[in-house]
Amino acid sequence: MGTHFLPSFWDICTESKKNHLSQASLLSSPIEYLKGVGPLRADMLKKELNLYTFGDLLQHFPHRHIDKTQVTLIANITPQQDFVQVKGILQGIDLIGEKRSKRMVSQLKDETGQLELAWFQGISWVQKNLVAGQAYLVFGRVSFFNGRAQIVHPEIEPYVAATQGQKSLLEPVYPSTEKLKARGLNGKQIGKLTQVLFQQISERDLPENLPAHLLQNRMGRWEAHRQIHFPNSNEQYKKALERLVFEELFIAQVRLNLIKIDRHKNSRGHLFVKVGDYFNDFYNKYLPFQLTGAQKRVIKEIRIDTAKGYQMNRLLQGDVGSGKTMIALLAMLIAADNGFQSCLMAPTEILAQQHYASLTELLKDMPVEVALLTGSTKIAERRRVLKGLMEDTIHFVVGTHAIIEDVVQFKNLGLAVIDEQHRFGVAQRARLWKKNTIPPHVLVMTATPIPRTLAMTAFGDLDYSVMDELPPGRQPIKTVHRYETTRGTVMEFVKTEITKGRQAYYVYPLIEESEKMSFEDLMQGYEQVKSYFPEPKYKISMVHGRQKNVEKETNMQRFVTGDTQILLGTTVIEVGVNVPNASVMVIESAEKFGLSQLHQLRGRVGRGSEQSYCILLSSVKASREAKERLKIMCNTNDGFVIAEKDLEIRGPGDIDGTRQSGALNFKLANIINDREALLLAKEQATELCEKDPTLSSPENAPIRAYLQSQKSKIGWGKIA
Ligand code: ADP
Ligand code: MG
């Protein structure tokens, strides 16, 4: 980008996993140049821990420190303690058991009692290196076995009393691997390397990267790196950690802000300057309900965004049933007011048909031409639609990925709305871009709530709207957890609902459609349900992944039209399907589903005015964690609350759609525990970037220099 400071888009949004500090010359030295690291060890460090340079080693942070003054007496160990450090004399070492169950056991004895130590692996190492009768310092997670305290695979080292004048009592222990341990690089020995490293580098190698105003009450960068490895005290360690966590989050947020600013500046977009008759007539005459506060807010965000001249790239997160379709329609009307066509894409045929039906119904008295285009659109109709889109006689087209095929050409596409985005790949979306000389505005709608903190880190560079409010008058779904042993009662309950004229879903887990066992389970379930609901009085449609698409669609359609009372199937039961008359959702083996999946499934009911129910069936033997999940489901209907809990239980790496985002590769920060730091970092970063989007003020020189020093080529998965 010439003289302009901002690095190119890909430069800013990439971040080397293996080298945060590439520019500072000494820190980019290959690890083999460090004293004590020959080529062999260097190879191991690269392979095992991804440590290639001095800088990598510097950022390989200790996961704990040994504090020799903090020793627990064996008699004081309780089951409530997680990790303990104990000092004692090692007793005789016994080899017990044979072959696979072979283990090595010893006792550590202090003046108050005995603690068992056990090894299942690395037995020869233990035999060679540990000497009975000597004093050892032992650290590990205690478990209680037959009422006795035990540590399996303890960290163990000969006990040496702290010597007088020793600078710090806190000795770092680093993450290591079995292979490295075998080569003399255990968690503590890596610390020796770090020590050598600190003899070779100086403050010059780690210049400050935060602006001065953020350094008040915060440790400097160099000092923080020293203290996090070799703290003078627990206090100093905490300050160092606080500083480095903040730095990590803050830099990430600045980077996201810069990407967004860069996109806004450099992507040309259609100008939707006005709100005209299409929107106003619809809003004043045909809108069937009052918009919720959240809907009003979001449509305003979209209006502002599309009137600025850059391409909107917006993610709309709204809980199931929050009314996202109406947002799509209103945005499309604004596009029409400005002379542009719009498309609305759904991941499945059935959803596309539903959207088409509700749009034509809502717009029946408006001079708006809506068309449907899917894989099964008949040839003549298809020809008519293609022609209409080219000639701009069709304003809105609703469809499946049939829309992105190259033969589909628009006269003037201005807005593309993508519903339930997770089913559309990035490559598919990119093809939309080519449908007009200036790419259309893109609105991606998803019903998978993502916790705010996660969204902030994973999607912080996108425009982002949240609908966290349901239309008024909805009856919250009643959710209960029942054991499979009470299935009979559940069936009776479903029967009373069906007798009232309602419909019901039965969902079975089928993680892999090819799994023979679970397929048999499904068939068995089908027989079971059928025996409670015999034909011809009751009709059941079944959908699963082994069916051809046509067959699936037909079965689904029969349920949608009310021809069948029960829809039984695997999770292919479509996301987003709207059958307001369905009031019961029975989820079999609910313990096998994750929280967000359960929430999605439950969202299929509760769409009408009747009270709806969700029944989670599980085995009595379900794990404690699974039962905890089911309890959460029973306690709340709020997708955002559920997402937060999910994040707490599973950790950030696992949440839908964010796995590959790369935004979560923090070395020290943890978006759950460091929530407050994250909010603060975001606030500060946004303020800084708004004031000085080119980071050219002298006060921002440090951060600018730091960002410039980072050049690497690893992609940052973008969602849109
Ligand atoms: P989702 O966000 O899950 O896609 P939908 O757009 O399918 O939700 O809306 C769910 C239902 O709520 C639809 O029947 C829709 O007509 C209705 N709806 C949407 N917005 C409102 C509103 N503001 N007031 C009342 N009902 C609404
Ligand atoms: Mg929807």
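Rings of Phe, Tyr and Trp form a pair if their centres lie within 6.5 Å. The exercises below use a predicted model.

**Exercise 1. Find a ring cluster.**
Task: Name the residues that ring pairs link into a cluster with Trp222.
Solution: Start at Trp222. Ring pairs link Phe198, Trp222 and Phe230 into a cluster. The structure as a whole holds nine aromatic pairs.

**Exercise 2. Classify the pair of phenylalanine 83 and phenylalanine 139.**
Task: Decide whether the pair is stacked or edge-to-face.
Solution:
- Step 1. A pair of aromatic rings is described by the distance of the centres and the angle of the planes.
- Step 2. The centres of phenylalanine 83 and phenylalanine 139 are 5.5 Å apart, and the planes meet at 5°.
- Step 3. Planes under 30 degrees apart count as stacked. The angle here is 5°, so the pair is stacked.
- Step 4. Now place the rings. Phenylalanine 83 belongs to strand β2 (residues 83-96), and phenylalanine 139 belongs to strand β5 (residues 135-145). The pair therefore ties together parts that are 56 residues apart in sequence.
- Step 5. Check accessibility. Buried means under 20% relative accessible area. Phenylalanine 139 has 15%, so this residue counts as buried. Phenylalanine 83 has 43% and counts as partly exposed.
- Step 6. Look for a charge. The charged end of arginine 64 sits over the ring of phenylalanine 139, 3.2 Å from the ring centre.

**Exercise 3. Classify the pair of phenylalanine 493 and tyrosine 613.**
Task: State the geometry of this pair and the elements that hold its rings.
Solution:
- Step 1. The distance is 4.8 Å centre to centre, with 85° between the planes.
- Step 2. Planes over 60 degrees apart count as edge-to-face. This pair is edge-to-face.
- Step 3. Phenylalanine 493 is in helix α16 (residues 487-499), while tyrosine 613 is in strand β21 (residues 613-618). The pair therefore joins parts that are 120 residues apart in sequence.
- Step 4. Phenylalanine 493 is partly exposed at 29%. Tyrosine 613 is buried at 18%.

**Exercise 4. Explore the nonpolar cores.**
Task: Which helix gives the largest share of the largest nonpolar core?
Solution:
- Step 1. In soluble globular proteins, nonpolar side chains tend to be buried together.
- Step 2. The largest nonpolar core here has 49 residues. Phe250, Val254, Val397 and Phe410 have the most contacts inside this core.
- Step 3. Helix α8 (residues 234-266) gives the largest share, with eight residues.
- Step 4. Zoom in on phenylalanine 410. Beyond its neighbours within four places in sequence, its contacts include Leu389, Val397 and Ile403.
- Step 5. A second, separate core has 40 residues, among them Phe279 and Ala328.

**Exercise 5. Map the surroundings of ligand 1.**
Task: How many residues surround ligand 1, and which are the closest?
Solution:
- Step 1. Ligand 1 is surrounded by 15 residues. The closest are Gln290, Gly321, Lys324, Thr325 and Arg474.
- Step 2. Take the backbone. An N or O atom in the backbone of glutamine 290 is 2.8 Å from a nitrogen atom of ligand 1. A polar backbone atom of glycine 323 is 3.1 Å from an oxygen atom of ligand 1.
- Step 3. Take a side chain. An N or O atom of the lysine 324 side chain is 2.8 Å from an oxygen atom of ligand 1.

**Exercise 6. Describe threonine 306.**
Task: Is threonine 306 buried or exposed?
Solution:
- Step 1. Threonine 306 lies in helix α10 (residues 293-306).
- Step 2. Its relative accessible area is 2%, so threonine 306 is buried.
- Step 3. A polar atom of its side chain lies 3.2 Å from the backbone oxygen of arginine 303.

Key. Residues numbered from 1 in each chain as written. Chains lettered and ligands numbered in written order. Predicted model: local features only at pLDDT ≥ 70, side-chain atom pairs only at ≥ 80, totals over all residues. Heavy atoms only, no water. Phe/Tyr/Trp six-rings, centres within 6.5 Å; stacked < 30°, edge-to-face > 60°. Helix = DSSP H or I, 4+ residues; strand = E, 2+ residues; numbered from the N terminus. Buried < 20%, exposed > 50% of the residue type's maximum accessible area, 1.4 Å probe, protein only. Lys NZ or Arg CZ within 6 Å of the ring centre and 35° of its normal. Core = buried A, V, L, I, M, F, W, Y, C linked by side-chain atoms within 4.5 Å. Contact = heavy atoms within 4.5 Å. Near = heavy atom within 4 Å. Polar contact = N/O pair within 3.5 Å; in protein donor to acceptor, adjacent residues only side chain to side chain.
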